[in-house]
Amino acid sequence: MEYTFRWFGPNDPSSLNDIRQIGVSGIVTSLANVKYGEKWTDDLINKRKKYIGSFKIDKSKFLKWSVVESLPVHNDIKKRSGNYRYFIDQYKDSLVNLAKNNIKNICYNFMPLIDWVRTDLNFELPNGSQALKYNHLHVCAFENFILKSKNAKLRYSSKQIFEARKLFNSMNSRELSKLKMALLGGLAANDRKYSLRDLNYEIDQFAELKHSDLRNNLKKFINEIYPIIKKYKLNYNIHPDDPPYDVYGLPRILSNEKDIDYLIKIKNDNQIGLTFCSGSLGVNKNNNLPKIINKYGPYINFIHLRNIKHVPKSLDFYEDDHLEGSLDMVKIVKSIILEENNRKKTNHPIKNIPMRPDHGHTILHDKNSKTIPGYSLLGRMKGLDQLKGVIKTIN
Ligand code: DNO
């Protein structure tokens, strides 16, 4: 595996000067400063690439921009309405410009409107560290009593709504504003932040879009960009839904094996591949992660490793230490290494799959500094080193 680390660009509190010291060679980043949906120019890509490449990690080795995460797909493309033609053209240009700079591993997602969702960005664990948490009842309370979205009632049982009202009535103003902050774009890498009004409006725009429509739109989009992917030998890797079920009634796209089968059948080509994210897929208890890696191995071109702890009898979970929690990380890593060994005998272009430790607890000094929720330097670094130990032992 190639060890990589996510860096959110010049405003990230974790600097490249810090990151170069922790034992990674690849950087995972995006040009978040470019307006949503507009093309990434050759010049901007090149500047970012050079900047990353100016950080030394060994006598004659420098950090490199290994993976783009993400090249955002505009919601108009996901809906296939509005200005989608224009945004597809912009997207194609961005792909070509990345290729010209020899940046060929690209992660994206096709979740409408919202990317990942958590309801608590600093859930206090018994040992004083902080984690990200998802609580479905909080989403229900938010949707019904804060957002007050039109069809919210239809998406929950009357028992859930009753419980959510009780919860909502018991929350103080600080708890309410924390919940709003978490759900209105407090997380990094959400394509945009929403006001309550905007979010409601946008949810309505997607009201008619069914799962099958979203799948069709993904297929059409991939067919449109495929000639560029082939010509420039890019690897284009979809990120799974996080969490892997519908939120706000918006259809999701990649939550289980059936969804992966659909994606893969579009082209049967591992350049149209997967970002394997253990924490996202692992929330669905029916997903057997080592099996998924064995089954779709050659399609996996980028990896996020993190653990989650399921809360019994609910859809809830929180993020656990990388080697703790509900997922068997050692088995997951073993399956990845097996895939890499199999690959050695093939002409697969990616022999060392880029892997980043995904998220981490907020611990130690990071508790007193500015951090991006889930992306504290120290928590991720701890996860990285634990994973390295497992990998080294298996190898
Ligand atoms: C959360 C991330 C997501 C992911 C995007 C990829 O930490 O895994 O933001 O990067 O969904 O497009």
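**Exercise 1. Find which atoms of Tyr375 and the ligand pair up, and look for similar pairs.**

Start at Tyr375: an N or O atom in its side chain is 2.6 Å from an oxygen atom of the ligand. A polar contact here is a pair of N or O atoms within 3.5 Å. Next, go to Asp115, where a polar side-chain atom lies 2.7 Å from a ligand oxygen. Then try Arg6, with a polar side-chain atom 3.1 Å from an oxygen atom of the ligand. Finally, check the cover: the protein hides 100% of the 330 Å² of accessible area that the ligand has on its own (Shrake-Rupley method, 1.4 Å probe).

A note on the model: it is predicted, with local features needing pLDDT of at least 70 and side-chain atom pairs pLDDT 80 or more, while totals for chains, interfaces and linings use all residues. Residues are numbered from 1 along each chain as its sequence is written, and side-chain values use heavy atoms, leaving out hydrogens and water.

**Exercise 2. Sort the shell around the ligand by class.**

Take the 15 residues around the ligand (a heavy atom within 4 Å). Glu69, Ser70, Asp115, His359 and Tyr375 come nearest. Now sort the shell: six residues are nonpolar, five polar and four charged.

**Exercise 3. Count the disulfides and check Cys107 and Cys277.**

Apply the rule, a pair of cysteine sulfur atoms within 2.5 Å: the count comes to zero. For Cys107, the nearest cysteine sulfur is that of Cys277, 8.9 Å away. Now test burial: Cys107 counts as buried because its relative accessibility is 1% (buried means under 20%, 1.4 Å probe, protein chains only). Cys277, also at 1%, counts as buried too.

Terms used
Polar contact = N/O pair within 3.5 Å; in protein donor to acceptor, adjacent residues only side chain to side chain. Nonpolar A, V, L, I, M, F, W, Y, C, P; charged D, E, K, R; others polar. Buried < 20%, exposed > 50% of the residue type's maximum accessible area, 1.4 Å probe, protein only.
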